[in-house]
Amino acid sequence: MPEPDGDGAAPPGSGFDRTLVLLIAGQIGMHAAMAGLRLAAPLQALREGHSAWSVGVLLALFAAAPVLLALGAGRMADRHGYHRPARIAVGLSLAGLAVALASTPLAGRAQFALLCLAATLSGAGSNVGLIVMQRTAGVRARDGVERMRMFSWIGMAPSLANAVGPVAAGLAIDLGGFAAAYALLLALPLGSAWCARRVPALPPADRPAARQRGGAFALLAAPRFKRLLFVNWLLSSCWDVHSFAVPVLGNALGFNASTIGLILGLFTLAVTCVRLLIPLLAHRLREVTVVRAAMLATAAVFAVYPLTTSPWAMAVCAVLLGVALGAVQPMLMSTLHQLTPAHRHGEAIALRSMSINAASTLMPLVFGAAGAALGVAALFWVMGAAVGAGNWSARRLDAAAPGRSSAG
């Protein structure tokens, strides 16, 4: 049942109101800052002469701190609601961009060390904010269809941010250098703080008096939940391949920062567009059918992507990939809420986040080593084969749709 917020009625069943707008806008600021830093920091490292493996280390650190902080953020959201973890998220984001700005007068190892610290702080802030936003939005939904719509709306936050952040950072780098880019990105979490203060106090979910045996990891006892995490990991790894490989491939082809930023921006613009359509079609969609189709489409795009040599061809691939991957997150989040009890949604979201970010911490290291040894094309083809083969696991989630797991 939706939590009362006293800020006006939304259209029936749409799940869209002023509170949701504030949640989305606040997350856009933090995530856009992180996404811009994900473009700028690797380019800065490459221009300083660091190797592809070093870039992989840098990108891995965006996901390192979220692995450690996710579960605590989920539990905090379950216990205290939105505001306390949101303040922590904004503080981490601001600190990350300030450290990145401080790196620009330096060179060599000192500069790279500060970029690594900035990546860690910025990734942590964006992830904590995302967990608390997802938990807050999910408990407001009244049924499965509205939940699908709700997660489509909030899914626009990272997709819009991933369009704004890289494009803004790329243009700022070309016009004023890396210091100008970091100064611009530093302003974005300040807007997030303004939005977070205006989100009404939303009560945490009621928890049973008895302590849940086994803690959050008892959720992993449900086989369908484990399958969901596996499918989610495969698809999130496709995002990581794309984020890693496009700057490396674009740099090798001689594209400037603005062109690379626009390609990444078109990818996330396509993600945003498909998530705008899902609320209109939610009553006609089945979660598992959409996920399986997206996995097959992703495998096909990855087979073609490394063969492209022009910005326009890469842009077409980016748009097609954005449509496929953009449809997945609302479906998986809706299924996750069907599998877990309401008072443990924050913990379940945190476990999902931990699994994604643990992989994202390790996978860029693998991508960097593989890219240096085999070339970027191999990354696309291996990941495409893996996500295509993983379709069988998504099919087995179908039986989970009617009810919830007993975990918890």
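# Surface patch, buried residues and cavities

In this predicted model, Leu-266, Leu-269, Val-319 and Val-323 make up a nonpolar patch on the surface, and their accessible area together is about 270 Å².

User: Which elements give two or more residues to the nonpolar patch?

Analyst: Those elements are α9 and α11 (311-326). One of the patch residues, Val-323, is found in helix α11.

User: Why is Val-323 called partly exposed?

Analyst: The relative accessibility of Val-323 is 41%. Buried requires under 20% and exposed over 50%, with partly exposed in between. A value of 41% falls in between, so Val-323 counts as partly exposed.

User: What makes Val-323 eligible for a patch?

Analyst: A patch residue needs over 30% relative accessible area. Val-323 has 41%, and the patch that includes Val-323 is nonpolar.

User: Is Gly-123 buried or exposed, and how do you know?

Analyst: Gly-123, which lies in helix α5, has a relative accessible area of 5%. The limit for buried is under 20%, so Gly-123 is buried.

User: How many residues separate Gly-123 and Ala-63 in sequence, and what is the C-alpha to C-alpha distance?

Analyst: Gly-123 and Ala-63 are 60 residues apart in sequence, and their C-alpha atoms are 5.9 Å apart in space.

User: Why does Asp-78 count as buried or exposed?

Analyst: Asp-78 is in helix α3 (residues 64-80). Its relative accessibility is 2%, and buried means under 20%, so Asp-78 counts as buried. Between the C-alpha atoms of Asp-78 and Gly-346 the separation is 5.5 Å, with the two positions 268 residues apart along the chain.

User: What places Ala-95 in its accessibility class?

Analyst: Ala-95 is in helix α4 (residues 83-103). At 29% relative accessibility Ala-95 is neither under 20% nor over 50%, and therefore counts as partly exposed. The C-alpha atoms of Ala-95 and Ala-118 are separated by 7.5 Å, and these residues are 23 apart along the chain.

User: Where is Tyr-305, and why is it classed as it is?

Analyst: Tyr-305 is in the loop between α10 (287-304) and α11. Its relative accessible area is 0%, against a limit of under 20%, so Tyr-305 is buried. From Tyr-305 to Trp-381 the C-alpha distance is 8.9 Å, at 76 residues apart in sequence.

User: How many cavities are there, and what is the volume of the largest?

Analyst: A search of the whole structure finds four cavities of 30 Å³ or more. The largest cavity has a volume of about 900 Å³.

User: Which residues lie nearest the centre of the largest cavity?

Analyst: His-31, Met-34, Asn-162, Trp-239 and Asp-240 lie nearest its centre, out of 40 lining residues.

User: Which helices supply the lining, and which gives the most?

Analyst: Helices supplying at least two lining residues each include α1 (18-47), α6 (144-176), α12 (328-339) and α13 (345-374). α8 gives the most, with eight residues.

User: What is the make-up of the lining of the largest cavity?

Analyst: The lining residues divide into 20 nonpolar, 16 polar and four charged. Of the residues nearest the centre, Asp-240 counts as charged because Asp is in the charged class, and Met-34 and Trp-239 count as nonpolar.

How values were computed. Residues are numbered from 1 along each chain as its sequence is written. This is a predicted model: local features need pLDDT of at least 70, side-chain atom pairs count only at pLDDT 80 or more; totals for chains, interfaces and linings use all residues. Side-chain values use heavy atoms; hydrogens and water are left out. On a 1 Å grid over the protein atoms alone, a cavity is a set of points where a 1.4 Å probe fits but cannot get out, and a pocket is an open set with protein on both sides within 12 Å along at least five of seven lines; lining residues have an atom within 4 Å of a point. Grid points are joined across faces, edges and corners, and a volume is the space filled by probe spheres set on the points. Helices (H or I, at least four residues) and strands (E, at least two) are DSSP runs, numbered from the N terminus. Patches are made of residues with over 30% relative accessible area and no salt bridge: like charges are joined within 9 Å, nonpolar side chains (Val, Leu, Ile, Met, Phe, Trp, Tyr) within 5 Å. Accessible areas come from the Shrake-Rupley method with a 1.4 Å probe; for residues, only the protein chains shown count as cover. A salt bridge is a side-chain nitrogen of Lys or Arg within 4 Å of a carboxyl oxygen of Asp or Glu. Buried means under 20% relative accessible area, exposed over 50%, partly exposed in between (1.4 Å probe, protein chains only).
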